[in-house]
Amino acid sequence: MGGDTAAPDRPEALAGCTVVLGVTGGISAYKAVEVCRQLVDLGAHVVPVLTEDASRFVGETTFSALASERVRTSLFDDADPIPHTRLGRSADLVLVAPATAKLLGKYAAGISDDLLTATLLATGAPVVLAPAMHTEMWEHPAVVENVATLRRRGVHVVEPDTGRLAGGDVGAGRLAEPSRIVAAVLHMLQVPSASTPPDLAGVRVLVTAGGTREPIDPVRFIGNRSSGKMGHAIAQVAAARGASTTLVTTQGPVSIPGVTAVDVDTAEEMAAAVLAKYDDVDVVVMAAAVADFRPKVAAQEKIKKRDGVPEILLESTPDILAALGERKRAQVLVGFAAETERVREHAAEKLAAKRVDLMVANDVGAADSGFEVDTNRAVLLDSSGASEELPLLTKVELAGVIWDHVGRILRTPVLKRGSS
Ligand code: CTP
C-alpha cells in the first residue's frame, strides 16, 4: 500500500462530492481504510457503511476516525427511520470495496437486507464496485453472470488484480490497488485524474450523437432507437483528455463539462452543423444514428385520422460520413456500423466506401450492446486492415479505447495512415 496514491497533484479534486463507501466482509477490507484515506485527501465527504461481516475484519473506530462521518452498519441504529434513502440521495457516488460474491449476488438480484444493499437500491448515483474473492468464486458462472448483469445496468466494476490471495493461493480475485479504485471514482465523477492522460490537448474534435428525427407532420416523425449515450460518452472522454470538443446531438439539451453542444433534429440539420465545422477540426466521430430515409414532404398541419391512412413517399437523406470522406484532407474519420448480422463484413464495406480511418462495429441485436443500454460490445476495424474484438465494456470505457486508437492514428503521418 505504501506510496500508492491516486492523484497527489489534485488535492481538492473531489471537494463537494459525497462518497458512500461500502465495505463488505473480506480479508482485503483493511485496504478499504487506505481507499477511505485517499478519498478524504482528495476532499471527498466520505460516509462509511460497513456490513456486519466487514466489522469482523476491520475496526469501526479506524473508519470513524479517518472518514468524514461515523461508521454506519444498520438500518435501525439511527434516529433517522430511513437512513438508506437519505444516504442514497445524498451520495454523488456509491463505492463498495471490497465487494464480496455475496454482495454482487444480492445487488444483482435486487435484495436489500442491510443498510448497504438498501442504499445501493435507493440511490440514483453512479456505483463503483471493486470485487475481491478467491479465483474459483470470481470465475464461477453465477458470479460472472451477476457481474455482467450489473455492468449492463451501468455499474462500473473495477476488475480485481491477479496475485497473492488469502491463504497463500495465487490467482485472479485480489482487490485492485486503492489508487486504481480511487481513479475509477474520479473517472465516474468525470474528474480528470492524474491517470487521465491529457493526450488530446490541442486536438479539435467533433462528435455526433443520437438518432435523427425526420418529420412526417408537426407531431410525428421517423426515428430510431439511438439514445445518444455512446456519442455523449465519446465527447465526455475527449474533453476529459484535453480535446477541444464540439458535440452535435439530437438528444439535447446536454451539459457535459468542457463540451460545446449544438442541438439538431434532422439529418439535414446535422449535416449542416457538421459540414460547417469540418475544416476546423482534426477528428470527427460519427456516432449518430442518422436516418437513411425521410418523408419527401412533411405535412404542415397534423395529418388527421379521418382522412385515411396516408401514403408517405420517402427519399434518401444526405450520407454525412460519406460526404466527409470525400472532402477529407488530414482529418481522422471515425464511423460506427450498427449491424444485426455479419457485423465485421458489413463494417469493413462501410469503412472502405466512406473512406473512414476507424470503424466501430457493434452488434445492435444483442440485449447488452448497442441502443439504450450503458454497455457496448464492439469490434474496431481500421483502414490498414487491422481489427480488434473488444469485450463487453461500459460506453465510457469503450470511448476511452476509441480515443486510444485515434491518438495512435493522429501520431501516424497522414501518408502512412492505411489505404484511405
Ligand atoms: N451515416 C451518416 N449519414 C447517413 C447514414 C449514416 O453519416 N445518412 C454514418 C453513421 O453516423 C455511421 C456510419 O455512417 O457512422 C454507418 O451508419 P450505419 O447506419 O451503420 O450504415 P449506413 O451507411 O446507413 O448503411 P445501412 O443502414 O444500410 O447499414
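A polar contact is a pair of N or O atoms within 3.5 Å, and within protein one of the two must be able to donate a hydrogen while the other accepts it. The exercises below apply this to a predicted model.

**Exercise 1. Describe the interface between domain 1 and domain 2, beginning with the bounds of the domains and ending with the polar interactions across the interface.**

Step 1. The protein is divided into domain 1, residues 18–188, and domain 2, residues 204–417, and the C-alpha centres of these domains lie 36 Å apart.

Step 2. Seven residues of domain 1 are in contact with seven residues of domain 2, and the area buried between the domains is about 650 Å², with carbon and sulfur atoms giving 60% of that area.

Step 3. On the domain 1 side, R151, R152 and H187 supply 67% of the area that this domain buries against domain 2, which is more than any other three residues supply.

Step 4. A search for salt bridges between domain 1 and domain 2 gives a count of zero, and, where both residues must have pLDDT 80 or more, zero residue pairs in polar contact are found across the interface. The residues on the side of domain 1 that touches domain 2 nevertheless include three charged and three polar ones, together with one nonpolar residue.

**Exercise 2. Decide whether the radius of gyration of the protein agrees with or departs from that of a compact globule, and add the overall dimensions and the secondary structure.**

Step 1. For 420 residues, a compact globule would have a radius of gyration near 22 Å, and because the protein has 24 Å, the value agrees.

Step 2. Along its principal axes, the C-alpha trace spans about 70 × 60 × 40 Å, and the protein contains 14 helices and 21 strands.

**Exercise 3. Locate the cis peptide bonds that precede P98 and P253, and then place R342, a residue with positive phi.**

Step 1. As background, most residues other than glycine have a negative phi, and most peptide bonds are trans.

Step 2. A cis peptide bond joins A97 and P98, with omega about -5 degrees, and P98 has its place in strand β3, residues 93–99.

Step 3. Another cis peptide bond joins G252 and P253, with omega about 0 degrees; here P253 is found in the loop between β11 (244–249) and β12 (259–263).

Step 4. R342, a residue other than glycine, has a positive phi near 40 degrees, and this residue lies in the loop between β16 (332–339) and α13 (343–353).

Terms used
Residues are numbered from 1 along each chain as its sequence is written. This is a predicted model: local features need pLDDT of at least 70, side-chain atom pairs count only at pLDDT 80 or more; totals for chains, interfaces and linings use all residues. Side-chain values use heavy atoms; hydrogens and water are left out. Domain bounds come from an automatic or database domain assignment. Contact means heavy atoms within 4.5 Å. Buried area is the accessible area (1.4 Å probe) that two parts lose on being put together, summed over both. A salt bridge is a side-chain nitrogen of Lys or Arg within 4 Å of a carboxyl oxygen of Asp or Glu. A polar contact is a pair of N or O atoms within 3.5 Å; within protein, one must be able to donate a hydrogen and the other to accept it, and residues adjacent in sequence count only if both atoms are side-chain atoms. Ala, Val, Leu, Ile, Met, Phe, Trp, Tyr, Cys and Pro count as nonpolar, Asp, Glu, Lys and Arg as charged, and the others, Gly among them, as polar. Helices (H or I, at least four residues) and strands (E, at least two) are DSSP runs, numbered from the N terminus. The radius of gyration is taken over C-alpha atoms; the globule rule is 2.2 Å times the number of residues to the power 0.38.
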